[in-house]
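Me: I have a structure open and would like to understand it step by step. Could we go through it together?
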Amino acid sequence: MLRTLLALVLVSLVAAQDGKTRSADAMDDAESSQRKNEQYMRDAAEYRLAKATHQADPAEDALALAVLAEAKLIRHEGSGSWYFLWLDGKVSRARRFANAGFKDYGYSAHAGKLIHFCLDCRIEDGQASGVLEELERLWLYLPDYPDISTAMMSALEMAEKKLAFEKSIDLEADDPRDVVHIDGHTLVSDIDGLLRFLSKNGDRERVAPRASIALARILLLSGDKNDTWKARRAYEEFLERFPDSPMAFDAVLEQALSHLKTYKGSDYDVGSLFEAKDLVDIAELEVGGDPARAALVTAYRRRITAWLQDRDLSVAAWYADRTRPGFLAWLKRPTQLTKPDTSSRIYARAVIARDRVSDQAKNAEEILQLLPEEDLLLNEKR
């Protein structure tokens with residue numbers, strides 16, 4: 001017994017120490033990342049200062065263009081032995097060649113084009129972290145680069161392609177768990193940093209709104225319950241930042257979806273359905289005569305209405321069963337229920353009033369027919 005207690009104490013001490021070690025490691029990583037970022041900012045500032053005082057050199061500009069042309073040739077046709085191409089790949093080899101050119105001719109008039117080429121190579125390889133690295137270099141080293149919007153849009157399109165959000169909604173699914181699902185063939189966690197950069201620094205007409213809503217979508221697709229709340233807040237922040245964006249309609253409907261995905265079925269609380277219903281009503285104001293948007297609002301409303309019908313029908317049936325059969329009523333009816341038939345009628349009539357032609361309404365009519373005649377003395381106890 002004593003040995004067992006000592007073993008348990010030892011395990012507890014090791015676990016506590018391990019937790020402290022992990023905490024210390026996390027702090028070290030954060031400090032290291034901060035130092036690295038500060039050094040990067042200093043390097044960028046030094047580069048901008050040196051470039052601003054650098055005298056234009058036509059020969060240097062010509063050499064930079066020659067490097068760019070050679071890098072493009074490598075990217076499309078390859079260069080070097082087959083072994084190195086197999087090991088490195090044409091795109092990666094071309095990027096390294098262009099990057100070396102930037103180191104040699106970084107103050108030329110075409111330095112931005114060399115970095116932009118490296119960015120395009122990263123995009124072609126689908127390297128989200130690398131894309132962010134090149135984009136930050138272009139943004140910080142050459143803030144006056146004329147094609148920065150094009151570079152950002154290319155990066156954004158790659159991130160959206162990896163997210164593939166449009167494949168993740170099925171409003172026709174009956175089971176709430178099937179309404180939102182991740183496609184499964186791609187990981188989206190690696191694009192988070194890239195999207196945050198684009199949301200902060202991209203233009204407010206195209207890039208920043210799309211990046212911001214993509215960040216909300218990542219949270220929406222997460223299976224973590226806390227992320228669902230964060231997604232709702234992210235959509236609210238989007239609407240605060242871009243109230244006039246054409247994507248405001250999508251943001252409101254997807255915020256409604258964040259509530260729908262928490263609904264578990266007719267045996268559970270329906271508060272999420274009413275929250276979603278209110279948001280769908282708001283989204284309808286943003287339809288603007290667009291048939292596709294109107295159809296989407298109709299699809300959401302049909303999905304929510306069907307679930308509300310299922311819920312009310314389920315409750316109506318539950319109350320009706322509290323006194324059937326009569327000889328078992330004392331077993332089935334909770335003592336706090338004084339008028340289960342009245343409650344059953346209320347919910348059954350709500351089903352019928354909401355949609356008289358639905359299958360649920362027909363079932364509600366059948367429940368009403370099975371109930372005894374209505375007692376007007378609602379407070380009389382059975």
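Me: How much of the protein is buried?
Reply: Buried residues account for 40% of the 382 residues in the protein. Please keep in mind that this is a predicted model.

Me: And how many helices and strands are there?
Reply: The protein has 16 helices and 0 strands.

Me: What share of the contacts links residues 24 or more positions apart?
Reply: Among contacts with a separation of 6 or more, 64% are between residues 24 or more positions apart.

Me: Where is the confidence highest, and where is it lowest?
Reply: Helix H5, residues 111-125, has the highest confidence, at a mean of 96. The lowest is in helix H14, residues 329-332, with a mean of 53. For the protein as a whole, the mean pLDDT is 83, and 80% of the residues reach 70 or more.

Me: Which residues stay under 50?
Reply: One such stretch is residues 1-11, for which the model has 0 contacts beyond four places in sequence. Another is residues 376-382, where the model has 12 contacts of that kind. Where pLDDT is low, the predicted coordinates should not be read in detail.

Me: Let us turn to the interior. How many residues does the largest nonpolar core have?
Reply: It has 85 residues. Those with the most contacts inside this core are Leu135, Leu142, Leu194, Leu195, Leu198, Leu260 and Leu273. Helix H9, residues 207-221, gives the most to the core, with 10 residues. In soluble globular proteins, nonpolar side chains tend to be buried together.

Me: Which residues does Leu194 touch, leaving aside its neighbours within four places?
Reply: Leu194 is in contact with Ala128, Val131, Leu132, Leu135, Ala155, Met158 and Ala159. Apart from the largest core lies another core of 10 residues, including Leu313, Ala348, Ala361 and Ile367.

Me: Now the largest pocket. What is its volume, and which residues lie nearest its centre?
Reply: The space in the largest pocket is about 580 Å³. Its lining has 22 residues, and Asn37, Tyr40, Glu133, Glu136 and Leu140 lie nearest the centre.

Me: Which helices supply at least two residues of that lining?
Reply: Helix H1 (2-52), helix H4 (90-104), helix H6 (128-141) and helix H8 each do so.

Me: And how does the lining divide into nonpolar, polar and charged residues?
Reply: There are 6 nonpolar, 6 polar and 10 charged residues in the lining of the largest pocket.

Me: What about Ala164? Where is it, and is it buried or exposed?
Reply: Ala164 is in the loop between helix H7 (148-163) and helix H8 (192-201). Ala164 counts as buried because its relative accessibility is 4%, and the cut-off for buried is under 20%. Its phi is near 50°, a positive value in a residue other than glycine. Most residues other than glycine have a negative phi.

Me: Where does Asp178 lie, and why is it called partly exposed?
Reply: Asp178 is also in the loop between H7 and H8. Its relative accessible area is 44%, so Asp178 is partly exposed; that term covers values between 20% and 50%. Leaving aside neighbours within four places in sequence, Asp178 is in contact with Asp170 and Ala173. The C-alpha atoms of Asp178 and Lys261 are 8.6 Å apart, with their positions 83 residues apart along the chain.

Me: Last one: where is Pro340, and is it buried or exposed?
Reply: Pro340 is in helix H15, residues 340-354. With a relative accessibility of 0%, Pro340 counts as buried. Pro340 and Asp321 are 19 residues apart in sequence, and their C-alpha atoms are 8.5 Å apart in space.

Conventions:
Residues are numbered from 1 along each chain as its sequence is written. Side-chain values use heavy atoms; hydrogens and water are left out. Helices (H or I, at least four residues) and strands (E, at least two) are DSSP runs, numbered from the N terminus. Buried means under 20% relative accessible area, exposed over 50%, partly exposed in between (1.4 Å probe, protein chains only). On a 1 Å grid over the protein atoms alone, a cavity is a set of points where a 1.4 Å probe fits but cannot get out, and a pocket is an open set with protein on both sides within 12 Å along at least five of seven lines; lining residues have an atom within 4 Å of a point. Grid points are joined across faces, edges and corners, and a volume is the space filled by probe spheres set on the points. Ala, Val, Leu, Ile, Met, Phe, Trp, Tyr, Cys and Pro count as nonpolar, Asp, Glu, Lys and Arg as charged, and the others, Gly among them, as polar. A nonpolar core is a set of buried Ala, Val, Leu, Ile, Met, Phe, Trp, Tyr and Cys residues joined through side-chain atoms within 4.5 Å. Contact means heavy atoms within 4.5 Å. pLDDT is the predictor's confidence in each residue, from 0 to 100.
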